[in-house]
Each structure stands twice: as C-alpha cells, then as structure tokens.
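This report describes one protein for a reader beginning the subject. Please keep the sequence and the structure in view while reading.

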Amino acid sequence: MIAGYDHFVTLAESLQWDETALDYSADREAWPQLTDAESARVLGLIAGFVIAETAVSGELAAYQAAASDSSMEAAFRAQLRDEARHARFFDLVAAEVAGVPGADPAARRDALRSLVSSDLVDLFEERLPATAGRLAENHGSLSAAVGLYHMVIEGVVLLAGQHAMLEALESLSVKLPGVHKGCELVLRDERWHIGFGSRIVQRADIGPDEADMLLEQGETAAKVWGDLITPAAIETAVRQHRRRLKAAGIKFW
Ligand SMILES: [Fe+2]
Ligand SMILES: [Fe+2]
C-alpha cells in the first residue's frame with residue numbers, strides 16, 4: 001500500500017497540462033456569433049470561475065503550511081499548481097476569447113464581479129480567506145478548512161459550475177472547442193482534488209456538529225450561482241455532496 005497521499009501527487013504529475021498550448025482560434029471566431037443569451041450564460045460562468053480559481057489558488061498555501069506530514073504537504077503543493085493554472089486558464093479565456101477589458105487579471109476580475117451574485121463573491125473573497133486565515137494562525141482545524149474548500153467549494157460549487165459550463169458549451173449554436181477542452185481538463189484536476197480532500201476528512205474525527213455544518217454549508221453554497229445553474233443541477237450537487245460525505249465515513253444523526 002502506498003503511504004499517505006503520495007498517489008495523489010503521482011496522479012497530479014500524470015495529468016499536467018498547459019493552458020497556453022490549447023488552440024483558441026476557433027473560439028475567438030465563434031464568440032461574436034453566439035446569441036446574447038448564450039454569451040451571457042457562458043460569460044457568467046467564466047466570471048464565477050475567474051473569481052473562484054483566483055481565490056482558491058491564493059488561499060491554498062495556508063493549507064499546505066498546515067499539512068500534518070510531508071506526503072500531505074506535497075499533495076497540497078501539487079493542487080496549488082493546478083489551481084494557479086485554472087486561474088490563468090479562465091483569465092485567458094475571459095481576455096482572449098470573450099474580450100473582457102482590463103490591462104491585467106485583477107482589472108478583468110473587477111470587470112467580471114458584477115456578473116455573479118454577491119453570495120458567490122462573498123464565499124470566495126471573504127469566507128474562504130477567513131477560514132484559511134484561521135488555519136494560518138493555528139486557530140482553525142484542518143479538517144474543517146478542508147471541509148469548506150474540498151468538500152463544499154470544490155465538491156459542490158465548482159463541480160456544479162463545471163457541469164453547467166460543459167452543458168452550456170455543448171448546447172451552443174457555434175462551438176468553442178478550446179474552452180471546452182480546457183474545461184474538461186479543469187474538471188479532471190478537480191476530481192483528484194476532491195478525492196484528496198475526502199481522504200483527509202475520512203482520516204479526521206468528524207463529530208456530529210461538524211458533519212451537520214458541512215451538509216448545511218453544501219446546501220447553501222450550491223445556490224451561489226443563482227440563475228446560472230438550474231434547480232435540478234443544484235439538487236444533484238447536494239445529493240452527491242451528501243453521498244461523498246457518507247463515503248468519507250461521516251455519519252448523520
Ligand atoms: Fe481549480
Ligand atoms: Fe481544485
């Protein structure tokens with residue numbers, strides 16, 4: 001048996017990709033031909049991902065520093081490399097495919113913030129940094145912080161967003177192949193991140209209060225996308241969240 005979290009590091013290594021190596025030329029040509037409703041939906045989802053991936057890649061270092069052993073630390077480091085790439089990918093799509101104005105990623109992010117709900121911005125730009133901050137100051141538990149990041153944010157919010165994005169891309173009147181490919185690769189990375197977080201939660205001693213909180217946070221967080229995600233997709237995300245928590249050995253009373 002491979003000790004600790006080493007197999008996540010090996011897996012991450014085998015899944016590396018480069019956002020600048022994807023071909024976006026067909027996407028650039030297709031974007032102006034999308035209907036207003038199509039481009040509004042895709043851009044809303046892109047806005048959410050730009051904000052989310054920038055925030056998670058900025059906060060993950062606190063998790064890495066709180067790792068309980070070198071194998072967990074290496075897996076957080078591999079994850080951080082992925083999240084930084086995801087942030088670059090969505091910013092690149094915003095700038096070069098959707099033509100979002102702004103001289104740098106921060107300026108483009110400012111331009112995109114109004115396209116998503118304040119709950120989404122709050123989750124990523126206030127609540128997640130606060131949790132990471134507690135972890136960095138040694139006041140928070142790693143399992144609770146991983147519960148918010150890997151189980152709630154990645155397992156519910158980002159996964160639901162990615163499924164909605166792929167569905168939206170597949171239904172477009174003109175296709176965006178570069179964006180589609182990149183989103184599939186992001187989803188592939190997120191799957192191991194969630195698996196890694198589930199393992200940490202599984203090994204932690206999660207009590208009934210923390211279990212209830214994780215479930216409740218998932219139910220609330222699933223709604224931050226607003227109209228960008230259908231109620232049915234939210235329901236599916238919450239159901240999968242509950243199943244994933246159960247699989248990680250969490251009991252609900
Ligand atoms: Fe990510
Ligand atoms: Fe992730």
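## The first metal site

How are the donor residues of the iron ion (ligand 1) spaced in sequence? They follow the pattern E-x29-E-x2-H-x103-E. The model is a predicted one, and in it this ion is coordinated by Glu53 (OE), Glu53 (OE), Glu83 (OE), His86 (ND1) and Glu190 (OE), at 1.9 to 2.6 Å. Glu53 thus appears twice in the list of donors.

Glu53 belongs to helix 3 (residues 36-65) and Glu190 to helix 8 (residues 177-203), so this pair ties together parts of the protein that are 137 residues apart in sequence. Glu53 counts as buried because its relative accessibility is 0%. Glu190 is likewise buried, with a relative accessible area of 0%.

## The second metal site

Which residues coordinate the iron ion (ligand 2)? The donors are Glu83 (OE), Glu154 (OE), Glu190 (OE) and His193 (ND1), at 1.9 to 2.2 Å. Their spacing along the sequence is E-x70-E-x35-E-x2-H. Glu154 is located in helix 7 (residues 142-170) and His193 in helix 8, so the two residues tie together parts that are 39 residues apart in sequence. Both Glu154 and His193 are buried.

Why is the arrangement around the iron ion (ligand 2) irregular? The four donor atoms subtend angles of 93 to 164 degrees, and this range makes the arrangement irregular. Four donors count as tetrahedral if all angles lie between 85 and 135 degrees, and the upper value of 164 degrees does not meet that condition.

The two sites share a residue: Glu83 bridges the iron ion (ligand 1) and the iron ion (ligand 2). These two ions lie 3.4 Å apart.

## Helices and overall form

The protein has 10 helices and zero strands. Read along the sequence, its pattern is therefore written α-α-α-α-α-α-α-α-α-α, with helices and strands taken as DSSP runs.

For 253 residues, a compact globule would have a radius of gyration near 18 Å, and the protein agrees with this because its own value is 18 Å. Its C-alpha atoms fill a box of roughly 55 × 35 × 30 Å along the principal axes. Of the contacts with a separation of 6 or more, 83% are between residues 24 or more positions apart.

## The nonpolar core

In soluble globular proteins, nonpolar side chains tend to be buried together. In this protein, buried residues make up 54% of the 253 residues. The largest nonpolar core has 93 residues, and those with the most contacts inside it are Tyr63, Phe76 and Phe124. Several helices each supply at least two residues of this core, including helix 1 (6-14), helix 4 (70-97) and helix 6 (118-136). Helix 7 gives the most, with 18 residues.

Phe76 offers an example of such contacts. Apart from neighbours within four places in sequence, Phe76 is in contact with residues that include Leu60, Tyr63, Leu142, Val146, Phe196 and Ile200.

## The surface

The protein exposes about 11,200 Å², of which carbon and sulfur atoms supply 52%. Is Arg134, a residue of helix 6, buried or partly exposed? Arg134 counts as partly exposed because its relative accessibility is 42%. When neighbours within four places in sequence are left aside, Arg134 is in contact with His139 and Gly140. Arg134 and Tyr149 are 15 residues apart in sequence, and their C-alpha atoms are 13 Å apart in space.

Note on methods
Residues numbered from 1 in each chain as written. Chains lettered and ligands numbered in written order. Predicted model: local features only at pLDDT ≥ 70, side-chain atom pairs only at ≥ 80, totals over all residues. Heavy atoms only, no water. Donors = N, O, S within 2.8 Å, 3.2 Å for Na, K, Ca; no water. Helix = DSSP H or I, 4+ residues; strand = E, 2+ residues; numbered from the N terminus. Buried < 20%, exposed > 50% of the residue type's maximum accessible area, 1.4 Å probe, protein only. Tetrahedral: all angles 85-135°; square planar, octahedral: opposite > 155°, others 65-115°. Core = buried A, V, L, I, M, F, W, Y, C linked by side-chain atoms within 4.5 Å. Contact = heavy atoms within 4.5 Å. Rg over C-alpha atoms; globule rule 2.2 N^0.38 Å. Areas by Shrake-Rupley, 256 points an atom, 1.4 Å probe, with all protein chains shown as cover.
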